[in-house]
Amino acid sequence: MKTQYKIGTIASHSSLNILAGARDEGFDTVLYVIKGREEFYQSLDLANELIILDNYQDIFSQYSEDVIIIPHGSFVAYLSLSKLMDSNLKLFGNKDLLIWEHERAKKELLMNEAGLKLPKDFSNQEEIKFPVIVKYDGAEGGKGYFIAKNETELKDRLNTAKPSFIQEFIIGTKVYTTYFNSIIRNRLEIFGTDIRYESDVDTQIQLHDNPAFQIVGNIPMVLRESLLINYFNMGKAFAKVVHEKLEIPMIGPFCLETVIDRNLDIYTFEFSGRIVAGTNIFVPTSPYGYIQFGKNMSMGRRIALEIREAIESDRLNEVII
Ligand code: AMP
Ligand code: AMP
């Protein structure tokens, strides 16, 4: 397939996954690289074009119309959301969801309406059941969160100057499940599961009682098959609610972030409405991608395939909203 369109993204987070997948589907690629990192990205010989940026915001002036941009975690973390919304970047996916994802109340509403079980919210309660996790807005990947086991610990550590969110801490196994909602094939695909590895909560030796939640990387996991069915249904319910509430469908990759406790109850504490870095494990393929397509299927490739099929059926406007 020859098309006028190229696939591009900012060099970080899941860009290698995205570009390798675009290449697999026959697209030319563009990588927007922050100055100082170009030698590393050049060494991988992956992008057809490297555009060097002085800072992330420069993507808005360096961008050209023939590039379909795949947003990832760095777009949310480093770019101004309002600039992103106002820009003329051709962003793959439902970009309104990036806004909903940023506001805790809206986020909780979507997860609640989908019938997902959420950890209890104690932010405005007198009676708190411990342990709790305290979260602050704008924390990047869990930075600044803490666990309090009792009232004294909570009082000692709570920074009352910052708006906080006090949530039931669920003891269990963290499971991040990624999905792809295909507009062109009209179906939800379960893609893969992983465990986030965080410093210091996931280290073996706990020498202090205030471990941090700084994301370091991800580890693949495969779920018990019976649990996978639950997750499939959760993903379907969630995509349905997004469509109802935003009046724009869920487009492409998303992730439900959960903890499974000893009773196999699944608590969802977070979601991402875009590609997550946990899918980087599955280059060139996730188990379910391979099972569903009978060939290697990474998340980057799945996105490019959707774009290719959208172009071929003249439906690009349905996946870039
Ligand atoms: P990086 O380019 O990998 O430093 O990541 C860019 C942004 O994405 C940062 O805000 C990170 O906190 C976030 N991020 C990177 N990798 C992950 C991951 N595996 N899970 C969650 N967030 C991540
Ligand atoms: P988040 O920024 O919401 O993705 O959370 C960062 C990390 O905090 C997660 O990866 C989990 O390790 C942990 N976490 C968040 N909420 C909970 C919860 N309610 N119970 C247990 N762990 C949690």
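**View 1. Meet the residues around ligand 2.** In this predicted model, ligand 2 has 17 residues around it. K135, I170, Y176, E198 and E270 are the closest of these. Sorted by class, the shell holds eight nonpolar, seven charged and two polar residues. It is a good place to start exploring, with the five names above as landmarks.

**View 2. Polar contacts of ligand 2.** Here we zoom in on individual atoms. The side chain of Y145 brings a polar atom to 2.9 Å from an oxygen atom of ligand 2. Two backbones take part as well: a backbone N or O atom of E168 sits 2.9 Å from a nitrogen atom of the ligand, and a polar backbone atom of I170 is likewise 2.9 Å from a nitrogen atom of ligand 2. How much of ligand 2 does the protein bury? On its own the ligand exposes 480 Å², and 96% of that is buried by the protein.

**View 3. Strands and domains that frame ligand 2.** Stepping back, you can pick out the strands that line this site. β6 (132–136), β8 (164–168), β9 (173–182), β10 (187–200) and β13 (266–272) each contribute at least two residues to the shell. Where does ligand 2 lie with respect to the domains? Residues of the shell come from both domain 1 (6–118 + 170–318) and domain 2 (121–168), so ligand 2 lies between them.

**View 4. Meet the residues around ligand 1.** Now we move to the other ligand. Ligand 1 is surrounded by 10 residues, and S12, H13, S74, N218 and A277 are the closest. By class, four residues of this shell are nonpolar, four are polar and two are charged.

**View 5. Polar contacts of ligand 1.** Look for three residues in this close-up. A polar atom in the side chain of N218 lies 2.6 Å from a nitrogen atom of ligand 1. From H13, a polar backbone atom is 3.1 Å from an oxygen atom of the ligand. S12 uses its side chain, placing a polar atom 3.4 Å from an oxygen atom of ligand 1. Of the 470 Å² of accessible area that ligand 1 has on its own, the protein covers 72%.

**View 6. The elements beside ligand 1.** Which elements give two or more residues to this shell? They are α4 (73–78) and β11 (213–221). The largest share comes from α4, which supplies three residues.

How values were computed:
Residues numbered from 1 in each chain as written. Chains lettered and ligands numbered in written order. Predicted model: local features only at pLDDT ≥ 70, side-chain atom pairs only at ≥ 80, totals over all residues. Heavy atoms only, no water. Near = heavy atom within 4 Å. Polar contact = N/O pair within 3.5 Å; in protein donor to acceptor, adjacent residues only side chain to side chain. Areas by Shrake-Rupley, 256 points an atom, 1.4 Å probe, with all protein chains shown as cover. Helix = DSSP H or I, 4+ residues; strand = E, 2+ residues; numbered from the N terminus. Nonpolar A, V, L, I, M, F, W, Y, C, P; charged D, E, K, R; others polar. Domains from an automatic or database assignment.
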